[in-house]
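Visitor: I would like a close look at a single part of this protein, please. Could you pick one spot and then walk me outward from there?

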Amino acid sequence: MAKSMKLAGLKSVDNAHDESVWAATWVPATDTRPALLLTGSLDETVKLWRPDELELVRTNTGHCLGVVSVAAHPSGVIAASASLDSLVRVFDVDTNATIATLEAPPSEVWQMQFDPKGTTLAVAGGGSASIKLWDTATWRLISTLSIPRPEGPKPSDKSSSKKFVLSVAWSPDGRRLACGSMDGTISVFDVARAKFLHHLEGHYMPVRSLVFSPEPDSRKLYSASDDGHVHIYDAEGKALIGAMSGHTSWVLSVDVSPDGEAIATGSSDKTVRLWDFKMRAAIQTMSNHTDQVWAVAFRPGGGGRLASVSDDKSISLYHCS
């Protein structure tokens, strides 16, 4: 039997930002530099950090409100930050030159993710109850995938606000896109045909984070919800495979290790947890943070690192073995 992954605290940076840190992702390594950690904060800045010592490489400004999401292109050359100012800024990671500025109506820019090939940026459309797809060659909007309204009597305006889209995730082959909404529904789309496929049911509160398992388990989708549960779905077969609980409050973030063997979650109970699917349980709880943990992110391509960021303004880095 394979031994379970273990986390060990490696480094923490207090006051990494001036305010709450809401977003974190890894920028893949290039030929000329290692992977970098990218963080976004309510202080309106985006920061880049060296991976092992969490040394600050650069602070990027340019947003005039808090940064709610960051995304890195698979090439590691460009990245994007989305802010409450309704702008997505696409920039060159090594020079900070602005490559594109994507404008959206207010409250229509939440989580974003580049597809695995790097040709498309998917942006969770917030109040528009849709996902917007942007072409990364031209930075033109190529598609809007709308969540279908529920059947039945004429929906009131109240129910439409519940369809607010918070989170988005690409399948490893880039063929499927999943999004999580305020009302707990997860919607799955066929991207090539721009077609809604189905809802995944089970959560009753906001789904703030989603991630597909890497190959060969790429039908598996993990979701984190304010209902305190982490769900495992077969995204193709619409089935709920399992539910895991242990956090004592909202689960704000979920990520899967590069080998697909473990997942990590961050919660408003101030902890980071590591889970084992076979046991369907949290095998480790890390209490480095003193406030809610908004993002957890495994470093891609191995190297055994997990980062977490929090309302306490700090970043924590863990070694995974």
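Guide: Happy to, and what follows starts at one cysteine and then moves to a few other places along the chain. Please keep in mind that this is a predicted model.

Let us begin with C179, which sits in strand 15, a strand made of residues 176-181. Is this cysteine buried or exposed? Its relative accessible area is 0%, and because anything under 20% counts as buried, C179 is buried. Leaving out residues up to four places away in sequence, its contacts are I131, I147, V165, S167, V168, T185, I186, S187, F189 and L210. There is also a long step along the chain here: A124 is 55 residues away from C179 in sequence, yet their C-alpha atoms are separated by 7.3 Å.

A124 leads us on to S130, since A124 is among the residues that S130 touches. Also on that contact list, which again skips residues up to four places away in sequence, are V123, G125, T144, L145, S146 and V165. You have met V165 already, as one of the contacts of C179. S130 belongs to strand 12, residues 130-135, and at 1% relative accessibility it is buried. Its side chain makes a polar contact of 2.9 Å with the side chain of S128.

Now let us move along to strand 26, residues 293-298. Here 6 of the 6 residues are buried, so this strand is largely enclosed by the rest of the structure. Its partner is strand 27, residues 305-310, and the two pair in the antiparallel sense over 5 bridges. If you want a register mark for that pairing, V296 stands opposite S308 in strand 27. The hairpin has 6 residues between the strands, and among its residues G301 takes a positive phi near 70 degrees.

Past strand 27 comes another backbone detail. K313 lies in the loop between strand 27 and strand 28 (315-320), and it has a positive phi of about 75 degrees although it is not a glycine. With 30% relative accessibility, K313 counts as partly exposed. N96 is a further non-glycine residue with a positive phi, in this case about 65 degrees, and its place is the loop between strand 8 (87-92) and strand 9 (98-103). For a peptide bond to inspect, go to E215 and P216: the bond joining them is cis, with omega about 0 degrees. P216 is found in the loop between strand 18 (207-212) and strand 19 (220-225).

Let us finish with a sheet and with the database record. Strands in the order 2-3-4-5 form an open sheet of 4 strands with antiparallel pairing. Strand 2 (21-27) and strand 5 (56-60) are its edges, each pairing on one side only. From one strand to the next, the twist averages 20 degrees. Within this sheet, 4 bridges join strand 4 (residues 46-49) to strand 5, and W49 stands opposite L56 in strand 5.

As for the record, an unreviewed UniProt entry lists "repeat: WD" at residues 14-59, 60-101, 158-199, 200-243, 244-285 and 286-321. Two of these spans can be described from the model. Residues 14-59 are 0% helix and 46% strand, with end C-alpha atoms 16 Å apart. Residues 244-285 are 0% helix and 57% strand, and there the end C-alpha atoms lie 14 Å apart.

Terms used: Residues numbered from 1 in each chain as written. Predicted model: local features only at pLDDT ≥ 70, side-chain atom pairs only at ≥ 80, totals over all residues. Heavy atoms only, no water. UniProt positions renumbered as here; feature names shortened; annotations may be inferred. Buried < 20%, exposed > 50% of the residue type's maximum accessible area, 1.4 Å probe, protein only. Contact = heavy atoms within 4.5 Å. Pairing = 2+ DSSP bridges. Polar contact = N/O pair within 3.5 Å; in protein donor to acceptor, adjacent residues only side chain to side chain. Axes fitted to C-alpha atoms, helices over the stretch in contact; angles between N-to-C directions.
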